[in-house]
Amino acid sequence: QGAPHPVMNTVFTIALLSCAALTIPLALRDRSASDRTYFTWLLLLALLVGIQSTLQAAFLNLNVSLDFHFFGTVLTGLLLLGYGWFVPGMGGPAELFRVLTVVTRTLMVVSFLVLILRPDLAFKGTRFIGTFKHIPYMVTCAQIALMVETGNLVTAGEDLGRKFRAFAFLILATTAILLTGTRSATLVSIAFLALAYWKAPAKSERSVWIRQAAGYLAIIFVLTLGPFVYQELESFLRGQSAFALRTAQDGISSRLEEIERGWASFTKEPWLG
């Protein structure tokens with residue numbers, strides 16, 4: 001990309017995964033048959049990437065040197081096996097959620113501090129990026145925050161302080177997604193929150209009643225206001241109206257262009273297109 005940050009990412013990634021590789025016995029111990037099956041598929045995926053990379057080098061004009069091309073292939077394999085196998089084997093889901101809670105809360109707080117203190121630096125155009133360089137990073141951080149804070153809310157039990165913190169950061173993450181103006185992420189987040197609420201363990205008859213009432217209200221909402229919501233959603237997707245602070249953009253046609261470009265590449269090179 002002609003800048004130092006890909007090199008920095010590579011160096012830090014190799015350093016982190018090298019540390020993870022030192023825990024190989026831990027990562028391989030007590031793995032079930034399903035884990036071993038998953039590891040087999042992971043190896044096949046890495047092999048597929050390697051074969052594709054080799055065919056590209058053999059039949060296509062590369063825009064980089066051959067050494068650089070294969071270094072990228074090796075790094076991709078390292079990412080797949082490192083983050084797909086070794087890192088998940090270093091701890092359980094609870095530990096992972098604790099780490100993600102600290103990371104996402106820190107990044108969210110810093111991002112909103114930037115928004116308050118230097119709003120001119122917190123946006124890329126009309127879309128919120130917080131302390132990040134690109135919009136997808138902010139979206140990813142907020143979506144991961146939605147996931148872990150929902151988990152924290154469910155597992156908080158009777159700890160009101162922990163519940164309050166989880167709910168506060170849940171609102172903050174939702175606000176961040178809306179400020180990015182990312183329509184697909186917003187829809188996915190709404191669907192996730194609804195599914196998470198529905199699947200959360202019911203601890204009393206009152207919670208069961210509230211859940212059923214929410215389900216009935218959702219059905220009534222779809223039957224009465226659903227058509228109007230659909231029309232408004234279609235206008236967002238087709239760029240007929242703006243979403244949040246984001247300027248109107250036809251998301252459907254831009255994605256169809258991607259499909260057309262891929263199909264043109266395929267018809268030109270049926271084996272490698």
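I began with Thr180 and looked up its partners in this predicted model: setting aside neighbours within four places in sequence, I found Thr180 in contact with Arg127, Phe128, Ile135, Met138 and Val139.

I then asked where Thr180 sits, and found that it lies in helix H7, which covers residues 160-180. Is Thr180 buried or exposed? Its relative accessible area is 0%, so I noted Thr180 as buried. I also noted a polar contact of 3.0 Å, which joins the side chain of Thr180 to that of Thr182.

Next I turned to the nonpolar core, since two of the partners of Thr180, Phe128 and Met138, came up again there. The largest nonpolar core has 20 residues, and I listed those with the most contacts inside it as Met108, Phe112, Leu115, Phe128, Met138, Ala173 and Ala176. The elements that give two or more residues to this core are H5, H6 and H7. Which element gives the most? I found that H6 does, with seven residues.

I followed Met108 a little further and, leaving aside its neighbours within four places in sequence, wrote down its contacts as Met138, Cys141, Ala142, Leu172, Ala173 and Ala176.

My next entry concerns charged pairs. How many salt bridges does the structure hold? I counted three, and I took them one after another.

In one of them, the side chains of Arg105 and Glu149 meet with an N to O distance of 2.8 Å. This pair links distant parts of the chain, because Arg105 belongs to helix H5 (residues 93-117) and Glu149 to helix H6 (residues 135-155), with their positions 44 residues apart. I checked the burial of both partners: Arg105, at 19% relative accessibility, falls under the 20% limit and therefore counts as buried, while Glu149 counts as buried at 0%.

Another salt bridge joins Asp120 and Arg118, whose closest N and O atoms are 2.8 Å apart. Here I noted that Asp120 is partly exposed, with a relative accessible area of 49%, and that Arg118 also counts as partly exposed, at 41% relative accessibility.

The remaining entry is for Arg261 and Glu258, whose side chains meet in a salt bridge of 2.9 Å, N to O. Both residues lie in helix H10 (residues 251-268), and because they are three residues apart there, about one helical turn separates them. For Glu258 I recorded 48% relative accessibility, so Glu258 counts as partly exposed.

Terms used:
Residues numbered from 1 in each chain as written. Predicted model: local features only at pLDDT ≥ 70, side-chain atom pairs only at ≥ 80, totals over all residues. Heavy atoms only, no water. Helix = DSSP H or I, 4+ residues; strand = E, 2+ residues; numbered from the N terminus. Buried < 20%, exposed > 50% of the residue type's maximum accessible area, 1.4 Å probe, protein only. Polar contact = N/O pair within 3.5 Å; in protein donor to acceptor, adjacent residues only side chain to side chain. Contact = heavy atoms within 4.5 Å. Salt bridge = Lys/Arg side-chain N within 4 Å of Asp/Glu carboxyl O. Core = buried A, V, L, I, M, F, W, Y, C linked by side-chain atoms within 4.5 Å.
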